[in-house]
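Colleague: Please walk me through this chain before I go back to the bench. I'd like the terms explained as we go.

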Amino acid sequence: MKNLSDDRLLTLFEQGVNEAFDELLNRYKEKLYTYIYVLVQNREMAEDIFQDTFTRVIVTIKQKRYNEKGRFQGFLYRVARNLIVDNYRQEQNAQFVNPTEAGYDIFNNRELCSPSFEEEISGQQTIEDVRRLVGYLPESQREIIVMRFYRGMSFKEIADIKKISINTALGRVRYAILNMRKMAEQHNIVLAG
């Protein structure tokens, strides 16, 4: 099933072949989880949104409402993004602060304001640039960067999993960051969000 297109796998899943959806899950789970985690910066929340995303996708397909032939990955990311936005809105509503209780003007405090459209676009571009740079790293460095920054693992956890010393893990992260800075400089990429 690994060689089948997303659309073919979706057709098989609609016909009751659950292994087809397992293949889609395996195909996109790491990228999708990383995308969600980078945006929410909270492992527990990322895991919840990740599971909710696939639940919604399955329900949409089972209810025969999926009609985006050739664009499954985009659909998957859009569902995840919508869930992130919904989650953010729920948190915002739950954390409403009365300005008189705060003791200062929270509505004119730049740090508490939502980012402007330009800031959001710039931040998204930075995330994409970093993701691209990570993809160009040698495998040993890329793997450590993903474990450390996208999965939030400690250097000890990384060392245990990779069967290397903590110093080696630290060194690989350091060299990876230096490589990314060098690549960014060579391609005139400004990594400021």
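Modeller: Helices (H or I, at least four residues) and strands (E, at least two) are taken as DSSP runs and numbered from the N terminus. This is a predicted model, in which local features need pLDDT of at least 70 and side-chain atom pairs count only at pLDDT 80 or more, while totals for chains, interfaces and linings use all residues. Residues are numbered from 1 along each chain as its sequence is written, and side-chain values use heavy atoms, with hydrogens and water left out.

Colleague: How many helices and strands does the chain have?

Modeller: There are nine helices and zero strands.

Colleague: And what share of the chain is buried?

Modeller: Buried residues, meaning those under 20% relative accessible area (exposed is over 50%, partly exposed in between, with a 1.4 Å probe and protein chains only), make up 32% of the 193 residues. Carbon and sulfur atoms supply 50% of the roughly 12800 Å² that the chain exposes, an area that comes from the Shrake-Rupley method with a 1.4 Å probe, and for residues only the protein chains shown count as cover.

Colleague: Where is the kink in α2 centred?

Modeller: Helix α2, residues 18–40, has a kink of about 50° centred on Tyr 28, where the bend is the angle between axes fitted to the seven residues ending there and the seven starting there. After α2 comes Gln 41, which has a positive phi, near 55°.

Colleague: Which residues touch the most other members of the largest nonpolar core?

Modeller: Leu 32, Ile 36, Val 57, Ile 61 and Phe 72 do, in a core of 30 residues; such a core is a set of buried Ala, Val, Leu, Ile, Met, Phe, Trp, Tyr and Cys residues joined through side-chain atoms within 4.5 Å. Two or more residues each come from α1 (6–14), α2, α3 (43–62) and α4 (72–94), with α2 giving the largest share, 10 residues.

Colleague: What is Ile 36 in contact with?

Modeller: If neighbours within four places in sequence are left aside, Ile 36 is in contact (heavy atoms within 4.5 Å) with Ala 46, Ile 49, Phe 50, Thr 53, Ala 80 and Ile 84. There is also a second, separate core of 21 residues, and among its members are Val 134, Phe 155, Ala 169 and Val 173.

Colleague: Switching to Glu 23, why does that residue count as buried?

Modeller: Glu 23, which is in helix α2, counts as buried because its relative accessibility is 12%. Leaving out neighbours within four places in sequence, Glu 23 contacts Met 1, Lys 2 and Leu 9.

Colleague: Is Thr 60 buried or exposed?

Modeller: Thr 60, in helix α3, is buried at 11% relative accessibility. Setting aside neighbours within four places in sequence, Thr 60 contacts Arg 65, Tyr 66 and Phe 75.

Colleague: Which residues are buried in α8?

Modeller: Phe 155, Ile 158 and Ala 159 are buried in helix α8, residues 155–162. Seen down the axis of α8, these buried residues fall within an arc of 100°, so they line one face of the helix; the arc is that of the directions from the helix axis to the C-beta atoms. An α-helix has 3.6 residues a turn, so residues three or four places apart point the same way.

Colleague: What do the buried residues of α8 pack against, and what follows just after α8?

Modeller: They pack against α7 (139–150) and α9 (166–186), and Lys 163, just after α8, has a positive phi of about 55°.
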